[in-house]
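This report covers a set of local features in one model. Please look over the sequence and the structure before reading on.

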Amino acid sequence: MIVEVFFRNFYRNFAKFEIDAVDKREFAFQPFSGGMVRHKSFKSLEDLRKFVVEKTPRHIYHSAAYYERPGEEDMERKGWIGADLIFDIDGDHLDTEACRESKIVSLRCLEDAREEANKLIDVLIQELDLKPTRIVFSGNRGFHIHVSSEEVMKLGSRERRELVNYLKAVGFDPSRFIAKLGRRKVVLYEEEAVGNLLRIKQGVEDARAMKVEIDEVVTQDIHRLIRAPGSLNGKTGLVALPISLKELDKGVEYIVDKAIAFRKGHLKFKFEKPVEGPVLFEKVEGREGDVKVLPAYVAIYLELQEFGKIYD
């Protein structure tokens, strides 16, 4: 498979994994053919790199949790030490015009996800005093926010669920912040709102503004697997790219451009499904049966999305 060769070359020559405490993480891999392989462990990033060059998986994941024996297949025998707090913001979960029914990665939908990620980071820092340790563009439709600190390490599923409820404004009643003085209504927040007061102000005006649209299952699961930062996303061929807060603020075009792994060359592609419109940064038009020469990263993206096949 041609795409697999491109992935192997990337892992051999260019991959830069950003994973802390490798020897305490469980790793999982989705091959290009076959089912998920779990309960792998490595002593170092170099050992991990050698493995992925040899096996060349389509997807690479690691556990949010730290274990005494991460390679054990029995979850009870792994020896859970603690877990990072991880938030997943995915365009698929956003009820915005740009994200609804979007089959191909849309920069407009990704921009909505970026704004939601910024909202989450503001809440974490200003309201909860939690500083993100790592911000990662998933390589597809969203962002992963990692928090690694002693204060979150030992949180169990129940505590993480309470945090999810807080972020998603479960039970928030805007009417609680409006009082009546005779015929006049008074909104009970400071005019120059900051932190959670700002969210309350926005929530009174539009209840949706109170919510941070995170994937709640990812955050509350203390054994969750998350895509490995620095690996390739097997649905797109883009890098799951660690970025700084300043880079997040630069916008999605900057981020996606930086995440392109296969920038050089062109490939012959045969369409099995019609495509018309922008694919990442390229305008693509192809009917079923058409054969066209496309930039390598676009052809790889379209094959991984099952729109057709790359030909020699």
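How many bridges join β13 to strand β17 (residues 308-311)? Four bridges join the two strands, which run antiparallel. The model is a predicted one, in which local features need pLDDT of at least 70 and side-chain atom pairs count only at pLDDT 80 or more, while totals for chains, interfaces and linings use all residues. Residues are numbered from 1 along each chain as its sequence is written, and side-chain values use heavy atoms, with hydrogens and water left out.

**The three-stranded sheet**

Strands, here and below, are DSSP runs of E with at least two residues, and helices are runs of H or I with at least four residues, numbered from the N terminus. Two strands pair if DSSP finds at least two bridges between them. Strands β16, β13 and β17 form an open sheet in the order β16-β13-β17, with antiparallel pairing. β16 and β17 are the edge strands, each pairing on one side only. Neighbouring strands of this sheet are turned by 40° against each other on average, direction ignored; axes are lines fitted to C-alpha atoms.

On the other pairing, β13 is joined to strand β16 (residues 291-295) by five bridges, and these strands also run antiparallel. Lys268 has Val293 in β16 as its bridge partner. Towards β17, Lys270 stands opposite Lys309, and Phe271 has Gly308 as its bridge partner.

In a regular strand the side chains alternate between the two faces of the sheet. Strand β13 (residues 266-271) shows this alternation: Leu267, Phe269 and Phe271 point to one face and are buried, whereas His266, Lys268 and Lys270 point to the other and are not buried. Buried means under 20% relative accessible area, exposed over 50%, and partly exposed in between (1.4 Å probe, protein chains only).

**The annotated aspartates**

An unreviewed UniProt entry lists Asp88, Asp90 and Asp215 under "active site". These residues span 128 residues in sequence, yet no two of their C-alpha atoms are more than 7.4 Å apart, so they gather at one spot. UniProt positions are given in the numbering used here, feature names are shortened, and annotations may be inferred rather than shown by experiment.

Asp88 is found in strand β6 (residues 85-90), and Asp215 lies in the loop between α6 (196-205) and α7 (216-220). Contact means heavy atoms within 4.5 Å. Not counting residues up to four places away in sequence, Asp88 touches Phe143, His144, Glu213, Ile214, Asp215 and Val218; on the same basis, Asp215 touches Asp88 and His93.

**A buried lysine**

Lys78 lies in the loop between β4 (65-67) and β5 (80-83). Leaving aside neighbours within four places in sequence, Lys78 is in contact with residues including Glu26, His39, Tyr67 and Glu72.

The table gives the relative accessible area of the buried residues and one polar contact for each. A polar contact is a pair of N or O atoms within 3.5 Å; within protein, one must be able to donate a hydrogen and the other to accept it, and residues adjacent in sequence count only if both atoms are side-chain atoms.

| Residue | Relative accessible area | Polar contact of its side chain |
|---|---|---|
| Asp88 | 11% | side chain of His144, 3.5 Å |
| Asp215 | 17% | backbone nitrogen of Val217, 3.2 Å |
| Lys78 | 0% | backbone oxygen of Pro70, 2.6 Å |

Note on methods:
Axes fitted to C-alpha atoms, helices over the stretch in contact; angles between N-to-C directions.
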